[in-house]
Amino acid sequence: MTRPGDLLAAAPVRKAPAAFDVERVRADFPILRQTVFGKPLVYLDSAATAQKPRAVIDTLTRFYEADNANIHRGLHQLSERSTAAYEETRAKVRRFLNATEDREIVFVRGTTEAINLAASSYARPHVGRDDEVLITTMEHHSNIVPWQMLCEEKGARLRVAPINDDGELLLDEFEALLGPRTRIVSVAHVSNALGTVNPIRRIVEMAHRRNIPVLVDGAQAAPHLKIDVRDLDCDFYTLSGHKLFGPTGIGVLYGKAALLEAMPPYQGGGDMIASVTFEKTIYNRLPHKFEAGTPHIAGVIGLGAAIDYLESIDPEGRAAHEQALLEHATRRLAELPRLRIVGRAKEKTGVLSFVIEGIHPHDIGTILDREGIAIRAGHHCAQPLMDRFGVPATARASFALYNTREEVGALESGIRKVLGVFR
Amino acid sequence: MASDLGDLYQEVILDHNRQPRNFGDLPGANRRAEGFNPLCGDRVTVSLTLEGDVLKDIRFQGSGCAISKASASMMTETMKGRTRAQAERLFQEFHRLLTEDSGAPDAAGLGKLVVFSGVREFPIRVKCATLAWHTLRAALDSAHGIASTE
């Protein structure tokens with residue numbers, strides 16, 4: 001029964017999301033309604049890039065049709081609207097990550113740029129000759145190469161924490177590698193090639209006990225897990241908008257305010273300055289210090305729409321759906337002859353990597369493509385990890401909230417077809 | 001199997017994939033090159049014994065998809081005993097076969113290599129089919145070359 005005042009009291013509270021319904025979710029993604037080679041598209045490559053809901057596409061169109069202007073500088077109405085939408089998204093990302101302050105949210109091009117920014121502005125002044133940077137075997141190239149470049153420049157050493165045959169980080173060995181010369185730890189929250197979820201809280205505890213800061217590459221985690229940077233207590237967290245159902249070319253670096261404050265700028269240019277003379281430039285305050293030049297304004301606003309969209313979906317229902325789907329797919333594929341699943345961590349999300357004896361992943365990918373099934377085949381920008389498992393490449397099916405059990409069925413029959421071609 | 005898939009994975013290609021010919025190291029080789037495809041990480045090494053102008057012997061090693069392995073295997077069979085000029089002509093013809101729709105391949109020149117014409121319908125796989133060929137070219141051009149499909 002509604003009493004007077006109830007409506008008023010309820011007004012500021014976000015409406016509880018409806019129970020998760022995958023068919024309703026699919027209806028939100030226009031791209032999924034198509035056929036490829038005459039077969040319904042089965043998109044199992046969301047770990048490479050996720051598809052975009054109508055809400056994101058419409059937001060981008062609306063922005064360019066109605067509000068487009070440069071931000072932080074115009075006196076006019078459009079600029080005011082653009083700036084407000086841009087900065088509102090910063091607050092949205094702050095809430096999404098449960099960060100403390102808006103200024104801890106820096107917009108960048110993606111996780112790659114976020115890691116490069118941290119390596120350049122945070123680590124470069126802190127890493128010297130014979131110092132160490134610690135990563136893990138399961139990192140994406142974007143969480144290897146920036147550190148390698150820094151180590152080369154400084155005469156420092158890149159140390160790599162090993163994993164077991166299931167693709168899980170060996171925590172004891174990780175801890176043993178934390179030494180007096182370790183200057184930063186950089187680790188994936190979720191492995192893009194294996195789906196392993198790393199125990200970030202324990203990793204951070206171990207590192208912080210020795211006063212070592214931790215960067216977490218969240219590119220593959222944000223689309224699947226609830227992220228809480230304060231609970232994780234990590235020092236930096238990165239994400240890519242396009243893997244989070246938002247536009248390409250936009251991402252986020254979260255950093256604790258005290259660390260970001262102390263860091264020099266990453267790039268020089270407009271917007272990152274408070275005042276410029278030819279003698280001296282005073283840098284702008286956070287986060288603008290790290291956002292030189294006109295940013296990807298539409299991308300930021302599109303990312304905001306993606307976050308709104310995700311938050312409109314029942315989180316428990318969605319997590320249960322994704323987990324059930326991954327378990328179902330794992331069970332079905334494990335029964336296929338000659339097929340071996342690569343990455344069998346107890347904690348996994350989103351990714352099912354596999355190899356088939358005598359069949360190269362590219363041939364698997366080509367045959368599945370003709371069935372309308374999109375997977376990734378290759379080294380997944382993780383060549384050292386492929387070496388660890390003794391394979392040149394894997395086939396990878398990756399799942400998002402819009403995938404269904406029927407699609408797992410299509411994948412299974414597609415793989416049977418592959419087995420038929422390569423008898 | 002859909003017909004274009006059937007054209008791609010012809011029996012002779014599957015056979016060379018299963019049992020690649022001239023596979024392994026070539027002791028006494030005087031030309032060697034490594035080729036890689038940065039897109040997929042595939043690697044192939046082509047070794048040859050060049051006597052004067054003639055490819056006396058040729059072998060390959062590496063890992064790759066069925067298309068790249070079969071192409072390498074059949075290339076070595078075709079190249080054995082050819083002169084450098086003949087090898088270059090075959091390279092050109094093979095490339096045309098994979099990329100040009102109209103280019104009626106000189107079937108006589110390419111022999112059974114025409115089975116690769118099905119790759120045309122799979123543009124992304126052209127690099128797989130030509131990796132070993134680029135590597136052979138690099139081997140002929142220098143004593144220790146690196147070839148890339150890029």
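Biologist: Which residue of S14(A) stands opposite A:Ile341?

Modeller: This is a predicted model, in which local features need pLDDT of at least 70, side-chain atom pairs count only at pLDDT 80 or more, and totals for chains, interfaces and linings use all residues. Residues are numbered from 1 along each chain as its sequence is written, while chains are lettered from A and ligands numbered from 1 in the order in which they are written. S13(A) and S14(A) pair in the antiparallel sense over 4 bridges, where pairing requires that DSSP finds at least two bridges between two strands. Opposite A:Ile341 in S14(A) stands A:Phe354.

Biologist: Which strands stand at the edges of the sheet, each with a single partner strand?

Modeller: Strands (E, at least two residues) and helices (H or I, at least four) are DSSP runs, numbered from the N terminus. The open sheet has 4 strands in the order S13-S14-S17-S16 of chain A, with antiparallel pairing. One side of each edge strand is left without a neighbour in the sheet, because each has a single partner: these are strand S13 (339–342) and strand S16 (376–378) of chain A.

Biologist: By how many degrees are neighbouring strands of this sheet turned against each other on average?

Modeller: Axes are lines fitted to C-alpha atoms, for helices over the stretch in contact, and angles run from 0 to 180 degrees between N-to-C directions. For the strands of this sheet, direction is ignored, and the average turn between neighbours is 30 degrees.

Biologist: Which helix lies across S14, S16 and S17 of chain A?

Modeller: The helix in question runs at about 155 degrees to S16(A). Residues 361–369 of chain A form this element, helix H13.

Biologist: How many residues of domain 2 of chain A are in contact with domain 1 of chain A?

Modeller: An automatic or database domain assignment supplies the bounds, which are 17–46 + 315–418 for domain 1 and 59–311 for domain 2 of chain A. Two residues are in contact if their C-beta atoms, placed from the backbone, lie within 7 Å. Domain 1 of chain A gives 22 residues, and domain 2 of chain A gives 23 residues.

Biologist: Which elements give two or more residues to the side of domain 1 of chain A that touches domain 2 of chain A?

Modeller: The C-alpha centres of the two domains of chain A lie 28 Å apart. The elements on the domain 1 side are helix H12 (315–334), strand S14 (351–356), helix H14 (383–388) and strand S17 (394–398) of chain A.

Biologist: Is A:Asn211 buried or exposed?

Modeller: A:Asn211 is placed in the loop between helix H8 (200–208) and strand S8 (214–217) of chain A, and its phi is near 60 degrees, a positive value in a residue other than glycine. A residue is buried if 20 or more other C-beta atoms, placed from the backbone, lie within 10 Å of its own, exposed if 12 or fewer, and partly exposed in between. Because A:Asn211 has 7 C-beta neighbours inside 10 Å, it counts as exposed.

Biologist: What is the omega of the cis peptide bond that joins A:Leu286 and A:Pro287?

Modeller: Most peptide bonds are trans. A:Pro287 lies in the loop between S12 and helix H11 (297–311) of chain A. The bond that joins A:Leu286 to A:Pro287 is cis, with an omega of about -5 degrees.
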